[in-house]
Amino acid sequence: MKERTNLARLLDIAGSHKYLSYASWILSAVSALIALVPFYFIWLIVREVLEVAPDFGRARHLAHNSWMAVLFAVAAVLVYIAGLMCSHLGAFRIATNLRLQAMHHIVTLPLGFAERFGSGRLRKIVNESSAATETYLAHQLPDRANALATPCGLLVLLLVFDWRLGLLSIVPVLLGFLVMMAMTGTDMQRKMKEYQNALDEMSNEAVEYVRGIPVVKTFGQTIFSFRKFKDAIDRYREWVIAYTRQLRAPMMLYTAAINGVFVFLIAGALLFTQNGVTREFLLDLLLYILITPIISVTLTRIMFHSENAMVVNDALQRIDSILALRPLAEPEHPRHPRDASVSLSGVCFSYDGKKEALRDVSLSIPAGKVVAFVGPSGGGKTTIANLIARFFDPHSGTVRIGDVDVREIAKEELMDTVSFVFQNSRLLKASILDNVRMGRPDATREEVLAALENAQCGDILEKLPHGADTVVGAKGVYLSGGEQQRIAIARVMLKNTPIIILDEATAFADPDNETRVQAAFSRLARGKTVLMIAHRLSTVAGADTIYVVEDGRIVQSGSSRELLEQDGLFRRMWQDYQTSVQWKVQKEAR
């Protein structure tokens with residue numbers, strides 16, 4: 001019932017193209033029946049040869065029967081190809097619609113969803129799960145119709161010529177079917193889910209591994225820095241080996257059963273010919289020897305169909321895990337912020353519902369001020385920024401912009417109010433002009449170029465073959481991390497929102513790029529409310545207010561001078577920072 005439900009759902013997604021799927025099943029089944037006809041003409045050829053032997057010149061119908069066998073064989077292939085064409089057209093439409101359905105839903109989810117879900121896992125679900133349905137509908141369902149029609153035709157052939165040999169041929173089929181059912185039961189469904197989970201985990205960790213390579217090279221770390229990725233591979237290896245060993249014995253029994261039909265036929269032939277061999281029995285035995293290999297092929301196709309049906313079931317469940325996520329509630333009567341001030345009151349938040357990332361956080365940022373969040377990694381700095389931009393909603397407390405709860409601001413207006421510059425900004429494979437224009441799609445070329453100039457991108461455009469029209473990532477055109485940051489800043493400048501959040505925006509920039517990025521920040525921050533998240537304390541020394549965040553709480557706040565006068569976390573961090581700078585300078589001097 002579960003499989004039918006999945007199939008019905010896929011056909012609903014296909015719309016009018018579902019009739020192509022129906023046609024493919026019919027054509028595939030007809031092809032299977034036509035493919036059995038040549039065996040009848042081969043039987044006629046063998047019978048005539050036995051009747052005229054040794055005077056083979058009396059055989060008058062060999063050519064006719066041979067051409068008829070060829071004709072029906074070609075007809076079966078052509079009908080099967082027509083069925084595959086129909087199934088592929090329907091499958092492509094279903095896979096496309098499924099991807100569109102998933103992506104349309106994803107864009108409605110909060111912006112923090114992808115980070116929490118895992119970009120590698122998300123990509124695998126959207127791409128590979130929809131691809132699994134495509135393979136299932138384009139090949140496996142027509143093959144199932146073919147595989148189900150073949151036994152029906154075979155049953156007629158097996159019982160019509162000699163019912164005794166026919167029954168003997170069915171015995172290994174039943175044995176193989178019983179073993180196959182044992183392998184593809186509920187335990188197999190659970191194992192298939194575990195297999196897909198292992199692949200998802202390994203794919204997600206692989207993406208993080210690739211993204212973290214620059215950090216490893218920068219700080220000279222070893223491969224053991226990616227222990228999570230290695231552990232994911234080890235778990236996958238252990239699972240695959242254990243699963244293979246578990247299925248080894250059943251698979252051996254299954255293979256022996258479906259390929260042991262000749263043993264039953266030979267045993268039956270010896271039993272039935274104790275009183276002599278007739279020409280008719282020998283002729284029937286030859287026919288059974290010719291057609292029984294089809295049994296093993298058909299059973300194997302049915303077994304793989306059962307496995308593939310479980311793959312599709314698991315794929316749809318994974319897509320449903322995305323579709324089941326609900327977007328953040330939109331206000332029925334949106335309100336408009338009166339200014340660019342930001343405030344948090346009694347905010348608590350947890351990513352997993354267990355450990356609190358923020359605990360009773362309250363702060364107030366006047367419009368037009370520059371504030372910074374510093375503190376140990378994992379303390380909650382980025383979480384505060386995420387809540388202000390409404391990547392998530394707090395579990396308790398309120399986040400306000402312009403004295404309006406962010407949950408009461410329309411999503412489009414909130415996106416026009418807050419801009420983000422991340423520490424590893426990504427550019428699309430498009431021209432620099434188009435990448436910047438994403439900030440404001442209706443901007444003119446002159447406005448985009450002005451934003452690039454204000455973001456200190458002049459030297460970048462000068463070295464590129466087509467200036468702002470150069471496609472990033474095409475024909476060896478690549479930008480450094482710092483250069484990508486400046487392009488991202490130009491995008492934010494073009495968008496011109498009153499609130500800007502800078503999340504470790506200079507973390508991986510070299511000294512030259514950092515100087516240019518800081519100059520771009522100076523232009524970007526004019527008249528804006530700026531929230532900076534940084535580990536380099538020198539970049540936040542000039543902030544109007546610095547909030548020190550530790551273990552999900554704000555433990556200190558004030559200007560850099562005020563905080564240095566206090567005996568607290570900021571002062572210790574500043575001393576450690578100065579020590580590291582002096583150590584670096586001394587090392588370079590040596």
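Across which strands does helix α17 lie? In this predicted model, helix α17 (residues 481–495) lies across β6 and β7, at about 175° to β6. Those two strands belong to an open sheet of 6 strands, described below together with a helix pair and the setting of one threonine.

**The sheet**
- The strand order is β6-β7-β8-β3-β9-β10, and the pairing is mixed.
- β6 (418–421) and β10 (553–558) form the edges, each pairing on one side only.
- From one strand to the next, the twist averages 20°.
- Within the sheet, β3 (residues 370–374) and β8 (residues 529–533) are parallel partners joined over 4 bridges.
- Ala 372 stands opposite Met 532 of β8.

**A further helix on the sheet**
- Helix α12 (residues 381–388) lies across β3, β6, β7 (499–503), β8 and β9 (545–550).
- The direction of α12 is at about 150° to β8.

**The α2 and α10 pair**
- Helix α2 (residues 18–52) packs with helix α10 (residues 279–291) at an angle of about 145°, and their axes are 10 Å apart.
- The crossing of α2 past α10 is right-handed.
- Residues making this contact include Phe 39, Trp 43 and Arg 47 of α2, and Leu 283, Asp 284 and Leu 287 of α10.
- The contact residues of α2 with α10 comprise 10 nonpolar and 4 charged, with no polar ones.

**Thr 398**
- Strand β4 (residues 396–401) contains Thr 398.
- Thr 398 and Leu 344 are 54 residues apart along the chain, while their C-alpha atoms are separated by 5.9 Å.
- Beyond its neighbours within four places in sequence, Thr 398 is in contact with Ser 343, Leu 344, Ser 345, Val 347, Asp 405 and Arg 407.

Definitions and conventions:
Residues numbered from 1 in each chain as written. Predicted model: local features only at pLDDT ≥ 70, side-chain atom pairs only at ≥ 80, totals over all residues. Heavy atoms only, no water. Axes fitted to C-alpha atoms, helices over the stretch in contact; angles between N-to-C directions. Left-handed = near helix turned anticlockwise from the far one by under 90°. Contact = heavy atoms within 4.5 Å. Nonpolar A, V, L, I, M, F, W, Y, C, P; charged D, E, K, R; others polar. Pairing = 2+ DSSP bridges.
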